[in-house]
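Look at the two chains together. Follow the sheet first, then the helices, then the contact between the chains.

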Amino acid sequence: MPAEVRIPTILRPYTGGDKIVTGEGADLGRLIADLDSRYPGIAERLVDEQGLRRFVNVYLNDEDVRFLGGLDTVVADGDSVTILPAVAGG
Amino acid sequence: MLTIRGELIDAMAAHARADHPDEACGVIAGPDGSGRPERFIPMVNAARSPTFYEFDSADLLRLYREMDDRDEEPVVIYHSHTATEAYPSRTDISYASEPGAHYVLVSTRECGSGDGPVEVRSFRIIDGVVTEEPIEIVA
């Protein structure tokens, strides 16, 4: 059940420069684990013990997963996942 | 070095003055790979704070989709400091996530929302390392 995953510039060193990769998993947490099995280290940049990192935004189709189910958000075949680091600072 | 049209510097300064004492933020997009800032895109500071800024998450997705469709990249990411100098804070450094962008800081600490002097400086922030760069203003 592959989903398309759009990778931001800062994480492309993990994907060999690829901007779009595919990931599999029934939910976002499993999809990230699947990505990490092929792009080791990428999960660490996205999640910590609390769940999704505060300054990483992940969207399922057009919706921020924080308003869906976070890492438990169900991912279906053909869904599109977009990862964007927050633009933020002090 | 950041090469930028004077009117874009004026636009960032005007946005910073207008939002003072809260921090203002935005992007100047340019054609992919060109390094030329061209399209001024002021953003809403979802934090509405004098000490923090953050693009709203839905706005952020829309912005990146739009740049993608237009073959653009964020050439400049700007924000203001309203009580301190135009130099990246520790928070700015830890959240900086566009290694290809020029991070422009605008300080309104002297002018507030008025006509006084505004400080504008440009930096690269890569892997936690800040490097100031000259700004070349062109017509």
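Two strands count as paired if DSSP finds at least two bridges between them. The model is predicted. In chain A, strand β1 (residues 2-6) and β2(A) pair in the antiparallel sense, over five bridges. V5(A) stands opposite V21(A) in β2(A). P2(A) has E24(A) in β2(A) as its bridge partner.

**The sheet**

How are the five strands of the open sheet ordered? The order is β2-β1-β7-β5-β6 in chain A, and the pairing is mixed. β2 (20-24) and β6 (63-64) of chain A stand at the edges. Each has a single partner strand, so one side of each is left without a neighbour in the sheet.

In a regular strand the side chains alternate between the two faces of the sheet. β2(A) shows this alternation. V21(A) and G23(A) point to one face and are buried. I20(A), T22(A) and E24(A) point to the other face and are not buried.

**Helices on the sheet**

A helix from each chain packs on this sheet. The table lists the strands touched and the angles.

| Helix | Strands of chain A touched | Angle between directions |
|---|---|---|
| α1(A), residues 28-38 | β1, β2, β5 (56-60), β7 (80-85) | about 120° with β2(A) |
| α2(B), residues 57-69 | β5, β6, β7 | about 105° with β7(A) |

**The contact between the chains**

The contact takes 15 residues from chain A and 20 residues from chain B. On the side of chain B that touches chain A, four elements each supply at least two residues: β4 (53-54), α2, β5 (72-81) and α3 (90-95). Which of them gives the most? α2(B) does, with five residues. The residues on this side of chain B divide into 10 nonpolar, seven polar and three charged.

Strands also pair across the chains. Strand β8 (residues 88-89) of chain A and β4(B) pair in the antiparallel sense over two bridges. G89(A) has Y53(B) as its bridge partner in β4(B).

**Helix α1 of chain B**

α1(B) covers residues 6-19, 14 residues in total. From its first C-alpha to its last it reaches 20 Å. That is close to the 20 Å expected at 1.5 Å a residue. Which residues of α1(B) are buried? They are I9(B), M12(B), A13(B), H15(B), A16(B), R17(B) and D19(B). An α-helix has 3.6 residues a turn, so residues three or four places apart point the same way.

Conventions
Residues are numbered from 1 along each chain as its sequence is written. Chains are lettered from A and ligands numbered from 1 in the order in which they are written. This is a predicted model: local features need pLDDT of at least 70, side-chain atom pairs count only at pLDDT 80 or more; totals for chains, interfaces and linings use all residues. Two residues are in contact if their C-beta atoms, placed from the backbone, lie within 7 Å. Axes are lines fitted to C-alpha atoms, for helices over the stretch in contact, and angles run from 0 to 180 degrees between N-to-C directions. Ala, Val, Leu, Ile, Met, Phe, Trp, Tyr, Cys and Pro count as nonpolar, Asp, Glu, Lys and Arg as charged, and the others, Gly among them, as polar. The expected span of a helix is 1.5 Å times one less than its number of residues. A residue is buried if 20 or more other C-beta atoms lie within 10 Å of its own, exposed if 12 or fewer, and partly exposed in between; C-beta atoms are placed from the backbone.
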